[in-house]
Structure formats: structure tokens, C-alpha cells
Amino acid sequence: PRINCVFTDSGPESRRAVEHLLQLGHRRIAFAMNHIRDRDHTDRHDAYKATIESAGIKYDPELVISVPADLAGGKAALNRLMSMSVPATAVYYADPLACMGAITRAHEIGLQIPDDISIVGFDDADLRFRVWPALTAVCQNANQMGFEAALWLTRKVAGVENQPLHKKTSTFFEVHGTTGLPPKKPTRILPDGSRLAVVQPE
């Protein structure tokens, strides 16, 4: 509370994202987040957990993956989730670069998005339009946040701003091409790269 900042409340739209996956019929929904927990990631995780549980699905800690928020982390999370005995059919990635890594890895191993795996990401720089398929994502306007923070700072340095800055902004949710119905037989990727179709339990 004593730090001047512009921050995003990503909880409500994260709930919408998970509800979107539930409405499509997904039940094995995973969540991948930065291994360094901060307020943003806690908001998104808590929204994921609450939405899963409100749908009558038991929260499964194995479906929550903590990885570095970079391309390699996203690839590692997808490898782990898809090698489970009953793999995830959908993943919400709470970081843009990790999500890009997951999409890249899916293409590398021949997973079809969204036929084999649905992916929801978090986007703050229009990355959702630079991948194929276009990414379903919870989005924030990072440019506007930066502008407002810089404006306050310059006014503070100039001595014309006396009020603290603690502004909360909202996110928005966009549905594009990376989410679809869950596969009838989820695909499991083995360590050697081979594929197995597995029947998802009721």
C-alpha cells in the first residue's frame, strides 16, 4: 500500500477464462504460472482455483505448474502436463512468454491446437495476434499502464503532484482460435516423443 504503482486486477477475467474452458466441456484444466509468486500471479491462481471448485471439480495441485516465465518454462510446463497418465486437455498460462513457449512446443511435437490441447494465455502486448492460431487470452493494456505511471512520475519530479499513485486497472478477455472442445481421447506425449491416445475418466 505504501508503494506508488499502477496495477491490474486480473482475477475477474481469469475467472471468465476458466469458465470459458468449462463451458466448452473441459475438466482437466491446468494452470501454469511464474515460479516467483507475486500479486498478479496469486490473483490469477486464486481465480483459477475458485472457478474450478465452484464447478464441482476437485482442485488438483499436480495440474498447477510453476515454471520460469519464459519460452523454456512454457515448453517445460507443456511437456510435463502432456506426459501425465491422464493429461490436461486445456491450460491457462499466466505469463505471455511462457504461453508462447507452450504454443511453440505444441507445434514441435505435432499437437494440434485446439484439437489436442486448448490454450488460454495472458497478453499485454498484442502477442495474441502474432501466433497461430490467434490466442484466446486475458489481456491488459500495458502501454496505458506505463503512460499513467510515467505521467505521475514526471509530475511528481516537477513538484506539481502531491497525491500518491495507487491505481487499479482492469483486464479484458478475448476468445480466438486456441480454445475448442476437449478431445474425445486426450493425447499423452511420452518422453521419447511418441503419442498415446488415452481415455479420459468420467
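Here is a short conversation about a predicted model of a protein chain.

User: What should I know about this model before reading it?
Analyst: It is predicted, with local features needing pLDDT of at least 70, side-chain atom pairs counting only at pLDDT 80 or more, and totals for chains, interfaces and linings using all residues. Side-chain values use heavy atoms, leaving out hydrogens and water, and residues are numbered along each chain as its sequence is written, from 1.

User: How many helices and strands does the chain have?
Analyst: Both are DSSP runs numbered from the N terminus: helices are H or I with at least four residues, strands are E with at least two. By that count, the chain has 5 helices and 10 strands.

User: In what order do the strands of the open sheet of 6 strands stand?
Analyst: Two strands pair if DSSP finds at least two bridges between them. The pairing in this sheet is mixed. Strands E3 (64–67) and E8 (172–174) each have a single partner strand, so they stand at the edges. The order is E3-E2-E4-E5-E6-E8.

User: Which residue in E6 is the bridge partner of Phe122?
Analyst: Strand E5 (residues 118–123) pairs with strand E6 (residues 136–139) in the parallel sense, over 4 bridges. In E6, the partner of Phe122 is Val138.

User: At about what angle does helix H4 run to E5?
Analyst: Axes are lines fitted to C-alpha atoms, for helices over the stretch in contact (heavy atoms within 4.5 Å). Angles run from 0 to 180 degrees between N-to-C directions. Helix H4 (residues 96–108) lies across E4 and E5, and its angle to E5 is about 150°.

User: Which residues have the most contacts inside the largest nonpolar core?
Analyst: A nonpolar core is a set of buried Ala, Val, Leu, Ile, Met, Phe, Trp, Tyr and Cys residues joined through side-chain atoms within 4.5 Å. This one has 49 residues, and its largest share, 6 residues, comes from H4. Those with the most contacts inside it are Tyr48, Tyr93 and Ile119.

User: Is Asn34 buried or exposed?
Analyst: Buried means under 20% relative accessible area, exposed over 50%, and partly exposed in between (1.4 Å probe, protein chains only). Asn34 is in strand E2. Because its relative accessibility is 12%, Asn34 counts as buried.

User: What is the radius of gyration of the chain?
Analyst: This value is taken over C-alpha atoms, and the globule rule is 2.2 Å times the number of residues to the power 0.38. For 202 residues, a compact globule would have a value near 17 Å. The chain agrees with that, at 18 Å.
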